[in-house]
Amino acid sequence: MGIVQIEVDGLYRSQFGKMLSSLLRFSGDIDLESAEDIVQDTFSAALVSWEKDGLPDNPAAWLFRVSRNRALNKVREAKKFSNKIVEGNIEPEDPVVQHSPLDDQQLVLLFACAHPDLAPKVQVVITLKYVVNLKVEAIARIFGLTIDGIDKMLLRARQKIRDERILFLEPSAAALTSRLASVHKILYLIFNEGYKSSWGKELIREELCEEALIMTRALCKSAVGNPDSGALYALMLFNAARLKARFGKDGELLDLEEQDRTLWDGDLIRLAVTHLSASRGSGISSYYCEAAIAGLHCAAESLGATNWDAIILIYKQLLRIQANPFVELNYAVALYYGGYKEQALGILHELEKQAFLGQYYLLHASLGRIYAAEGNKELAREYFRNTLQLTHAPDEIAFVRRLINKVE
């Protein structure tokens, strides 16, 4: 791959969303689909031009200028141009947003994607497509859907945006505040999808986590961020610190007990502690609880040295804030490692009776590991075999097979 191709690929990942947002704000006559086409054409033109004439002094500025000119020509050709034209180039530091509570173009588009008239799942999908700039194939893998299914979802979203005039413009200050909780959920989901990804593609995994971290950091620095933003950022940092240790030298998935803790990033952990302390605010949120639990794991020298009693107390608080069976599952696992074995098994078997949780692979995997640790190899194998039937992720299947081999 040549130098120009590498440069274009890097700019495509870092500037696509910003260019899209800039064009949508440049003229109300540019819709989402047209803006996307213009940005794609601009990158194609860059590859041809730069291969011929060499890289410009400021490649990002070149892209913004060319995309702006293409947008201007398109609007003029359609004879719809009614907005006042601001002469000059659109640079990466777009002067339009200098006095905005959001000083990052990517954040502007993120808040636009969090429009309340869009379903939560659609909000995440269009964020992954237009802000994070993931390909449709990757989005389909995340949601366990077909490429055609994601294409149809995007088509319906674009139609709704056009028909109901849901413009991708910066919301008012009041709307920014009202959308903040949705933005937090979107960022949380994006990071988690990258962190837990079993696609076997490390680059995509790290890009998703990195994008979520960058946007959350920008949100924390903006005038819109609140203590929850800081707690969410701390949670991401704690987990990102362990990312390199989650997979072995052969790409195999490793759990906490197997991970080489010397590979955990101490600088990220210390930064996370700083943000967690600063985010305490006036109340304890679910993000704060999750970050505190992740922090206790990061502080432990080994699984056995983990402060399970503290983690159990935080899970109890989290269940009061956000009661759901997934939190209850993690609470039960913490109870087991904290020495409350009978209580843990009682909760897990109650969860097993629920329609959805009874078919959840992590519940069966957890029960399998507990029974393996208790020496009940027959029950352990049964739950591990159940787990294999309930997951299709290659990394997870390989991990469970390793566990089965240990109890054979």
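This tour visits one bent helix and three helix pairs in a predicted model.

**Stop 1: helix 8**

Select residues 173-195. This is helix 8, with 23 residues. From its first C-alpha to its last, the helix reaches 32 Å, close to the 33 Å expected at 1.5 Å a residue. Now centre the view on L180. Helix 8 has a kink of about 45° there.

**Stop 2: helix 8 with helix 10**

Keep helix 8 and add residues 227-241, which form helix 10. The two axes come within 11 Å and cross at roughly 0°. Angles under 35 degrees count as roughly parallel, so helix 8 and helix 10 are roughly parallel to each other. Show the side chains next. Helix 8 brings L180, H184, L187, Y188, F191 and Y195 to the contact. Helix 10 answers with D228, S229, L232, L235, M236, N239 and A240. By class, this contact has nine nonpolar residues, three polar and one charged. L180 is worth a second look: the kink of helix 8 is centred on L180, and L180 is also among the residues touching helix 10.

**Stop 3: helix 1 with helix 3**

Clear the selection. Pick residues 3-26 for helix 1 and residues 59-77 for helix 3. Their axes lie 10 Å apart, at an angle of about 40°. Helix 1 is therefore oblique to helix 3. The crossing is right-handed. From helix 1, colour E7, L11, Q15, K18, M19, S22, L23 and F26. From helix 3, colour P59, A60, L63, F64, S67, R68, A71 and L72. The contact of helix 1 with helix 3 holds 10 nonpolar, three polar and three charged residues.

**Stop 4: helix 2 with helix 3**

Leave helix 3 on screen. Swap helix 1 for helix 2, residues 32-53. Here the packing angle is about 130°, and the axes are 9 Å apart. That makes helix 2 oblique to helix 3. Helix 2 also passes helix 3 in a right-handed crossing. On helix 2, the contact uses S34, I38, D41, T42, F43, A45, A46, S49 and W50. On helix 3, look for P59, W62, L63, V66, S67, R70, A71 and K74. These residues divide into 10 nonpolar, four polar and three charged.

**Last look: helix 3**

Which residues of helix 3 touch helix 2? Among them are P59, L63, S67 and A71. P59, L63, S67 and A71 also take part in the contact with helix 1.

Terms used. Residues numbered from 1 in each chain as written. Predicted model: local features only at pLDDT ≥ 70, side-chain atom pairs only at ≥ 80, totals over all residues. Heavy atoms only, no water. Helix = DSSP H or I, 4+ residues; strand = E, 2+ residues; numbered from the N terminus. Expected span 1.5 Å × (residues − 1). Bend = angle between axes of the 7 residues up to and from the residue. Axes fitted to C-alpha atoms, helices over the stretch in contact; angles between N-to-C directions. Parallel < 35°, antiparallel > 145°, perpendicular 65-115°, else oblique. Left-handed = near helix turned anticlockwise from the far one by under 90°. Contact = heavy atoms within 4.5 Å. Nonpolar A, V, L, I, M, F, W, Y, C, P; charged D, E, K, R; others polar.
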